[in-house]
Amino acid sequence: MKRFLTLILAGLFAQLMVSCYPEGAEYVEDYDVAMTNYNKSADFSAFTTFAIPDSIVHFSNNEDATIDHQYDDQILKLVTENFVKKGYTLVDTTQKPSFIVTASAFSNVSYSYYMDNWYNNWNWYWGSSWWPGTNPFYPYYPWYPSTVYSYRSGSLIIDMISTTTREDNKVDVVWNGIADGLLQGSGVSILYRLEKQINQCFEQSPYLMK
Amino acid sequence: MKKLLIIAICLFSMSPFVKAQMFNVNYQMSIPFGEVKDFTDKTSFRGFDMGYHYFLSDCFSVGGALGWNTFYEEEKNVTGYFNFNKNDDVYAITGHQYRYINTVPMLAIGRYYMTGNTGSIRPFVGLGLGTQWTEKRLDVGLYSSTISRWQFSVNPEIGACIPINEQFAANVGVRYNYATKAANGRIPEFQSLTFNIGIILMR
């Protein structure tokens, strides 16, 4: 009987411990992040003018997915505004801008970057899976995307590419901002969250200034 | 070894007469200090341990304890700087950070009971030595970083055993927990003050 009581007590304790274990992220927007990275040797005040294409390149691993361009203009406008706010001037591509801004959207968890060097070689290829192991974004010791398999995730990547030709002819990405989160909810709510993260990318990059 | 076993069996068989064993379950509350506080600064209300103490004499007991403490902190909209695998670059990531420290101490404990085996309150001082397995985790957005290591652990404690009847007693105490850093400091030097409250089953 005494042993039985002890067992029950231990069981109750275990139950208590498990049930009040901290939860972590609760809502979809709790997973939203803004990530930025830049070339430490780049002189951002040397850049003056920029050009931006009029559409976003969409990548999805789902071939049947219909790509929705309805928010492209709004997003590109926001990106442009942010660069203008930083002191850069929007020009036409024919006027030899000092950098080009591209925006790419990735959806459905299957992008993989190939980065043997983030700045020199900014290629992507169709990797097998976003999930641990194959993802070069697979973070350090051991960073891994947390388990949210049942959700679709999406990223919008803004690249700032210098038009100055490099000696090795590689694309010179001097800054990039990534708005990253889950694609859950209505288009409008996703757009709202996306805009918030895009602004955050610029906000957390004080060095990016004419 | 054989001798030890025989001695142990003899002592155990004697136990109904001398009330020489205690089984102890504690609820624990833990206040982090130092580098643990820097990472997860909230007081932990999630913890427990189970212990067994064997009396060598009226005043001395030896035993062991196995516990679990969880520290947690949520930081909304903060910018952190992170490294990614295969890449030396530092990324600024802004988002909600969810930070966890789980630690499982396994200690050998020696105790001295100031008033021996008598009295309505039996205060004791003790020292626990052993190891603790510590897992540190940080989640931000869809990314997560986890590292876990064994740490060497020293735990001085004071407390009291308050007998309720022949079989049960209450236990109160406070334990200072110190553990050495591991993995070049990625698992921090561990310092916490843990309060125990629990029940003791005596035999």
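**Figure 1. Twelve bridges join strand E7 (residues 168-179) of chain B to strand E8 (residues 190-202) of chain B, and the two run antiparallel.** The model is predicted; local features need pLDDT of at least 70, side-chain atom pairs count only at pLDDT 80 or more, and totals for chains, interfaces and linings use all residues. Residues are numbered from 1 along each chain as its sequence is written, chains are lettered from A and ligands numbered from 1 in the order in which they are written, and side-chain values use heavy atoms, with hydrogens and water left out. Strands (E, at least two residues) and helices (H or I, at least four) are DSSP runs numbered from the N terminus, and two strands pair if DSSP finds at least two bridges between them. In the pairing of E7(B) with E8(B), B:Asn177 stands opposite B:Ser192.

**Figure 2. E7(B) also pairs with strand E6 (residues 143-163) of chain B.** Nine bridges join these antiparallel strands, and a hairpin of four residues leads from E6(B) to E7(B). B:Gly159 stands opposite B:Gly173 in E7(B).

**Figure 3. Side chains alternate along strand E7 of chain B.** B:Ala169, B:Asn171, B:Gly173, B:Arg175, B:Asn177 and B:Ala179 point to one face and are buried (under 20% relative accessible area; exposed is over 50%, partly exposed in between, with a 1.4 Å probe and protein chains only). B:Phe168, B:Ala170, B:Val172, B:Val174, B:Tyr176 and B:Tyr178 point to the other face and are not buried.

**Figure 4. B:Asp49, B:Arg111, B:Glu157 and B:Arg175 form a network of salt bridges.** A salt bridge is a side-chain nitrogen of Lys or Arg within 4 Å of a carboxyl oxygen of Asp or Glu. B:Arg175 meets B:Asp49 at 3.2 Å, N to O. B:Arg175 lies in strand E7 of chain B and B:Asp49 in strand E2 (residues 46-55) of chain B, so this pair ties together parts that are 126 residues apart in sequence. B:Arg175 also meets B:Glu157, at 3.4 Å, N to O. The second pair links strand E7 of chain B to B:Glu157 in strand E6 of chain B, 18 residues apart. B:Arg175 and B:Asp49 are buried, and B:Glu157 is buried as well.

**Figure 5. B:Lys76 and B:Glu74 meet in a salt bridge (3.3 Å, N to O).** Both side chains are partly exposed: B:Lys76 has a relative accessible area of 44%, and B:Glu74 has one of 32%. Over all chains, the structure holds eight salt bridges.

**Figure 6. A nonpolar surface patch of about 630 Å² lies on chain B.** B:Leu56, B:Phe60, B:Val62, B:Tyr112, B:Met114, B:Val125 and B:Ile158 make this patch. Patch residues have over 30% relative accessible area and no salt bridge; nonpolar side chains (Val, Leu, Ile, Met, Phe, Trp, Tyr) are joined within 5 Å, like charges within 9 Å. Areas come from the Shrake-Rupley method with a 1.4 Å probe, and for residues only the protein chains shown count as cover. B:Tyr112 is in strand E4 (residues 87-113) of chain B and is partly exposed, with a relative accessible area of 32%.

**Figure 7. Confidence varies along chain A.** Chain A averages a pLDDT (the predictor's confidence in each residue, from 0 to 100) of 72, and 66% of the residues score at least 70. Mean confidence is lowest in strand E7 (residues 123-125) of chain A, at 29, and highest in strand E4 (residues 89-90) of chain A, at 94. Over residues 109-150 of chain A the pLDDT is below 50; this stretch has 127 contacts in the model beyond near neighbours in sequence (contact: heavy atoms within 4.5 Å).
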